[in-house]
Amino acid sequence: MSEKIKELKVSAIENGTVIDHIPSNAVFQVIRMLKLDSFDSMVLFATNLESKKYGTKGLIKVSNKFFLPEELNKIALVAPHASIIEIRDFRVSSKKVVEIPAQVTGIVKCFNPNCVTNHEQVTRRFTVVEKEDLRLKCHFCEKITRRSNMEFI
Amino acid sequence: MKNKSLVSINDFSKEEQLRVLEVAREFEKNPVQTILQDYVVASLFFEPSTRTRLSFESAVNRLGGKVIGFSEAGSTSVKKGESLRDTILTIANYSDLIVMRNPIEGSARFASEISPVPIINAGDGANQHPTQTLLDLYSILKTQGSLDNLNVAFVGDLKYGRTVHSLVIALCNFNTTFHLVSPIELKLPSSVKMHIKEKNLTYYQYTDMEEVIPKADILYMTRIQRERFSDPLEYERIKNSYNLHNDMIVDTKENFRVLHPLPRVNEIDINVDPSPKAYYFEQALNGVFVRQALMALILGLR
Ligand SMILES: [Zn+2]
């Protein structure tokens, strides 16, 4: 019985952010992108939850943390339909969706093995040339990295 | 354009490109000057490209400047594992301008962002070679009297040829009609065609070059490389089908000229060379004037 109560306690957060509608296979990627693996407040996550819209989904709850829009927009690369719910005093204070940014800096690897970013110490930078069918143009070698050959750092 | 690096042809606006061509004309009239006598130009060729390197070095020498550098990475600290960052930051101390050729794509953009002196990209892998584009534009301007409203035919490897890609993109500023002749497997990539479509210009695609020649003002020939083909027989067939002979250019327009970025293999027969319509060697010479103009502008001397 006491076990059960404990479980309820952790699933609701007093203050923080809930990231919902993450594709199940992208949950760990989102955790890395938001650097939650080294975060010191409570972080809860779930994968393979049932979703009416997408079949299954993942979800992350982070207490005592509100993200900047640019941090959240990064995750749009792997979770384009994620919704961001901010909780204050156990209540939903805002709800928004992520948006793919115009520039992607420091999180994606250029697929071109002959690109300078794969040889020198340099921050990788891309311009998003196509949002739907995600295509990123490398600032350096000018080649296009697509979702199918996208690798995250 | 003072202190501006040239990495990709798109770094310069149409007006800036035309300004380079205008100044090139000035150097063509008067190629031997002393304006660079107090300047040191670093010529860093991380892979050999004798033609491009000598063209740059000739341009500097004829203006009285000094050249330092290397013609291949083998004899340098790069071989010992020095990063490009360190090489550039060191050599920038010794020079006023760096000309760089490097097989790594994006290396010129990277160098331009860390270097305290301007960088001219003399080719970064398969990516960009903007001074070739400028000398091609200059050659077209000189032979046609204008860059506007021309019929330009490109023949050969249009898929991998970076000189073709850059020149097509640059010509999109001048209401060009494009005639694209290539084997099916070496067609111009859609990323380049996109630029033509954006400007609502017309392009035609062919696999055979003969019907294009009478329509063209400029015939831009390129080399087809054996390594692009998995089937050696297919290579032989195609190589011989894009072989320009003098009898093929007899019934062409008066202003018709044949261009080629060189080196050629057998796509232009040597019997074309004596024709007044063969322009590829003059085209190479134009490279010296264009590079003189570019360096003078970047160093603020024009
Ligand atoms: Zn790249």
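**Chain B and its contacts in a predicted model**

User: To start with one residue, does E16(B) count as buried or exposed?

Analyst: E16(B) counts as buried, because its relative accessibility is 18%, and buried means under 20% relative accessible area, exposed over 50% and partly exposed in between, with a 1.4 Å probe and protein chains only. This is a predicted model, in which local features need pLDDT of at least 70 and side-chain atom pairs count only at pLDDT 80 or more, while totals for chains, interfaces and linings use all residues. Residues are numbered from 1 along each chain as its sequence is written, chains are lettered from A and ligands numbered from 1 in the order in which they are written, and side-chain values use heavy atoms, with hydrogens and water left out.

User: Which side chain meets E16(B) in a salt bridge?

Analyst: The partner is K4(B), at 3.0 Å from N to O, where a salt bridge is a side-chain nitrogen of Lys or Arg within 4 Å of a carboxyl oxygen of Asp or Glu. E16(B) sits in helix α1 of chain B and K4(B) in the segment before α1, so the pair ties together parts that are 12 residues apart in sequence. Helices (H or I, at least four residues) and strands (E, at least two) are DSSP runs numbered from the N terminus. K4(B) itself is partly exposed, with a relative accessible area of 27%.

User: And what about the pair R53(B) and E57(B)?

Analyst: Their side chains also meet in a salt bridge, at 3.5 Å from N to O. R53(B) and E57(B) are 4 residues apart in helix α2 (residues 50-62) of chain B, which means that about one helical turn separates them. R53(B) counts as buried at 17% relative accessibility, and E57(B) is buried as well, with a relative accessible area of 19%. Elsewhere, in chain A, salt bridges that share partners join E86(A), R88(A) and K96(A) into one network.

User: How many salt bridges does the structure hold over all chains?

Analyst: The structure holds 18 over all chains, and one of them links R125(A) with E113(B), whose closest N and O atoms are 3.4 Å apart. That pair crosses between chains, running from strand β8 (residues 125-130) of chain A to helix α4 (residues 107-114) of chain B. R125(A) is partly exposed at 30% relative accessibility, and E113(B) is partly exposed with a relative accessible area of 40%.

User: Let's step back: how many helices and strands are there in chain B?

Analyst: Chain B has 9 helices and 9 strands, and its C-alpha atoms fill a box of roughly 55 × 45 × 40 Å along the principal axes. Its radius of gyration is 19 Å, which agrees with the value near 19 Å for a compact globule of 302 residues; the radius is taken over C-alpha atoms, and the globule rule is 2.2 Å times the number of residues to the power 0.38. Of the 302 residues, 56% count as buried.

User: Why is α6 of chain B described as largely enclosed?

Analyst: Helix α6 (residues 162-171) is largely enclosed by the rest of the structure because 10 of its 10 residues are buried. Among these buried residues are R162(B), H165(B) and L171(B).

User: Which peptide bond is cis?

Analyst: The bond from L262(B) to P263(B) is cis, with omega near 5°, and P263(B) lies in the loop between β9 (257-259) and α9 (280-298) of chain B.

User: What is notable about the phi of N3(B)?

Analyst: N3(B) has a positive phi of about 65° although it is not a glycine; this residue lies in the segment before α1 (14-29) of chain B and is exposed, with a relative accessible area of 53%. N200(B) also has a positive phi, of about 55°, without being a glycine. N200(B) is placed in the loop between α7 (190-198) and β7 of chain B and counts as exposed at 70% relative accessibility.

User: Where is P232(B)?

Analyst: P232(B) is in helix α8 (residues 232-241) of chain B and counts as exposed at 54% relative accessibility. P232(B) and V258(B) are 26 residues apart in sequence and 28 Å apart in space, C-alpha to C-alpha.
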